[in-house]
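Colleague: I'd like to learn how to read a model like this one. Could you walk me through it, feature by feature?

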Amino acid sequence: MADYTAPEVLDDIIVPSPEEGATAELKPNPAVAKFMEPLGFPPPLSADMEDWPANKEEWEKAGGGKALGLSKMGNLLEKYRSLKVYMDICVKCGSCTDKCHYYIGTQDPNNMPVKRADLMRSVYRRHFTVPGKVAPGLVGAEDFDKEMLDKWITYFHQCSQCRRCSVFCPYGIDTAEVTMAARELMDSIGVGHKYSAEIVGKVHVIGNNLGIPQPALEGTLQFLEEDILDETGHEVRLPLDEKDADVLFIAPSADFFSEPHIQSLIGYAKVFHQAGIRYTFSSYASEAANFGMFMGSYDQMKKISKRIADQARELNVKRIVVGECGHAWRVAYSFWNTLNGPFDFLDPRFPVPQHVCEFTNDLIMRGGLTLDKEANDEYTVTMHDSCNVARASRMGPNPGGQFDIPRALIKASCNKYVEMDPETTHEKTFCCGGGGGLLTDELMDLRIKGALPRVTALKQVMENDGVNYMALICAICKAQFSKILPMYGIPMDTVGGVHQLVSNAIKLGDKKGLV
């Protein structure tokens with residue numbers, strides 16, 4: 001692995017001076033034909049992306065890249081009215097310029113949200129507005145040529161779709177939607193990201209991002225049952241593909257194999273066991289995550305989430321509960337009912353979907369679980385709000401539940417809890433730096449620098465309040481921080497799931513038999 005140097009962590013988050021082209025060399029690995037074609041996208045014009053045709057005539061001969069791209073852009077503008085609004089209403093007020101974790105970490109001005117969005121906005125003006133066609137130089141209109149495409153490839157893969165900038169935009173411009181549209185357009189002309197395309201392909205063939213086949217998944221769950229029995233003396237089940245269960249539980253596949261994720265998986269199982277609620281995992285729909293969103297493809301989002309809806313019908317469950325995964329919850333909460341609804345075959349007493357934190361908190365409120373806070377006395381805990389949960393969803397019946405419910409679980413599970421700087425939590429939370437399909441090795445330098453704002457806030461409470469555990473409800477955040485924090489001198493085991501704390505604290509005994 002290459003050597004990387006983490007930026008210096010200062011006492012406070014400092015907005016840096018811009019450094020033109022600071023991360024211009026950071027590009028995602030391109031998806032080759034074997035990853036693109038099964039998803040319905042054309043193969044790349046060039047495998048190495050270096051000999052892309054430089055002018056309109058050559059490009060169109062090589063596969064219609066420019067013409068096809070502009071046609072797709074016109075289609076997106078017509079299909080998504082919000083996108084056209086976002087192209088027209090930005091007034092360059094500057095409210096978003098210093099809000100992106102990637103700009104703070106990299107200093108590249110193209111990572112200012114307004115400048116990144118302008119890469120699309122300038123093409124829109126050139127080809128879809130009268131002033132841009134008549135006097136392009138006066139309105140910042142630019143052609144969709146190879147140079148512009150290269151910038152799109154680079155900087156639309158230096159956006160994690162976290163939407164922090166949108167919180168501060170007085171017009172509510174959703175930069176994540178702009179990034180999704182740009183990626184959807186690039187996919188349509190064969191310019192895909194290998195990491196995301198390969199993962200989506202695995203889901204369609206096997207059922208999960210990691211490519212875990214059914215026998216391996218079954219063996220893992222059986223091993224965990226034995227491990228829990230040895231540790232607790234209780235026969236806690238992790239059932240697979242069982243019909244007529246009360247709950248279909250959809251976890252991110254990292255929960256089955258990775259640390260610290262698997263500790264939360266054990267926590268989920270203990271919760272179901274103690275509550276006496278029958279549940280099942282599915283080998284066919286063994287993935288909560290949905291990288292169709294990171295590709296910007298609603299078609300792929302629909303196909304992936306359809307596996308879950310189909311399996312809920314096939315297994316004849318009463319409700320669906322989603323595990324600790326940030327963007328999975330965004331897709332479930334914001335898109336499932338539109339893409340694959342209605343879910344009128346499920347029990348109407350329960351929300352569709354339901355987050356596992358909401359599920360567990362409800363059990364605690366109804367006396368279904370008993371927790372021993374002292375079991376976590378070795379920890380002083382803080383909470384990192386995952387961006388897709390914080391800014392693209394709700395949880396429970398009340399506004400702000402996506403913040404209140406996970407914290408309620410933490411406080412029910414431990415005695416010592418500390419908040420980080422309020423400018424870095426709740427709806428203002430910073431992304432972990434690895435979201436949006438960017439959790440890949442070729443973008444490691446970007447990931448390290450993108451984590452700087454969160455690391456700064458975390459170090460403040462570590463030094464001032466003795467924090468030694470940062471609780472997460474996102475599989476990508478867990479993977480990102482486990483890899484990145486040691487580069488900043490913070491132990492890997494500082495991070496863990498909310499249900500890892502629940503797992504430590506839960507008292508197993510007579511089942512309550514709740515629903």
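Colleague: How far apart do the C-alpha centres of domain 1 and domain 2 lie?

Modeller: The two C-alpha centres are 31 Å apart. Domain 1 covers 33-192 and domain 2 covers 201-505, with bounds that come from an automatic or database domain assignment. Before we go on, please keep in mind that this is a predicted model, where local features need pLDDT of at least 70, side-chain atom pairs count only at pLDDT 80 or more, and totals for chains, interfaces and linings use all residues. Residues are numbered from 1 along each chain as its sequence is written, and side-chain values use heavy atoms, with hydrogens and water left out.

Colleague: How many residues of each domain are in contact with the other?

Modeller: A contact means heavy atoms within 4.5 Å. By that rule, 24 residues of domain 1 touch 32 residues of domain 2. Buried area is another way to read an interface: the accessible area (1.4 Å probe) that two parts lose on being put together, summed over both. Here it is about 2,400 Å², and carbon and sulfur atoms give 62% of that. On the domain 1 side, L39, R164 and M180 supply 24% of the area buried against domain 2, more than any other three residues.

Colleague: And how many salt bridges does the rule find across that interface?

Modeller: A salt bridge is counted when a side-chain nitrogen of Lys or Arg is within 4 Å of a carboxyl oxygen of Asp or Glu. Between domain 1 and domain 2 the count is zero, although the structure holds 21 salt bridges.

Colleague: Where do E242 and R278 lie, and what does their pairing tie together?

Modeller: The closest N and O atoms of E242 and R278 are 3.9 Å apart. E242 is in the loop between α12 (214-232) and β1, while R278 is in the loop between α14 (261-275) and β2, so this salt bridge ties together parts that are 36 residues apart in sequence. Helices (H or I, at least four residues) and strands (E, at least two) are DSSP runs, numbered from the N terminus.

Colleague: Are E242 and R278 buried or exposed, or in between?

Modeller: Buried means under 20% relative accessible area and exposed means over 50%, with partly exposed in between (1.4 Å probe, protein chains only). E242 counts as partly exposed because its relative accessibility is 21%. R278 is also partly exposed, with a value of 41%.

Colleague: Which salt bridge can I look at within helix α16?

Modeller: Try D299 and K303, whose side chains meet at 3.4 Å, N to O. The two are four residues apart in helix α16 (residues 298-315), so about one helical turn separates them. D299 is partly exposed at 43% relative accessibility, and K303 is partly exposed at 43% too. Salt bridges can also share partners, and in this way K92, D118 and R121 are joined into one network.

Colleague: Let's turn to the sheet. In what order do the strands come?

Modeller: Strands of a sheet pair through backbone hydrogen bonds, either parallel or antiparallel. Two strands count as paired if DSSP finds at least two bridges between them. In this model, four strands make an open sheet in the order β2-β1-β3-β4, with parallel pairing. At the edges are β2 (279-280) and β4 (354-355), each pairing on one side only.

Colleague: What are the partners of β1?

Modeller: Strand β1 (residues 247-250) pairs with β2 over two bridges, and four bridges join β1 to strand β3 (residues 319-322). L248 stands opposite T280 in β2 and has I320 as its bridge partner in β3. V247 and F249 point one way from β1, L248 and I250 the other way, and all are buried.

Colleague: Which residues have the most contacts inside the largest nonpolar core?

Modeller: In soluble globular proteins, nonpolar side chains tend to be buried together. A nonpolar core is a set of buried Ala, Val, Leu, Ile, Met, Phe, Trp, Tyr and Cys residues joined through side-chain atoms within 4.5 Å. The largest one has 84 residues, and V381 and I410 have the most contacts inside it. Helix α17 (residues 326-340) gives the most to this core, with seven residues. Both domain 1 and domain 2 contribute at least three residues each. Not counting residues up to four places away in sequence, V381 touches several residues, including I410, Y417 and L501. A second, separate core has 41 residues, among them L76, Y80, C90 and C96.
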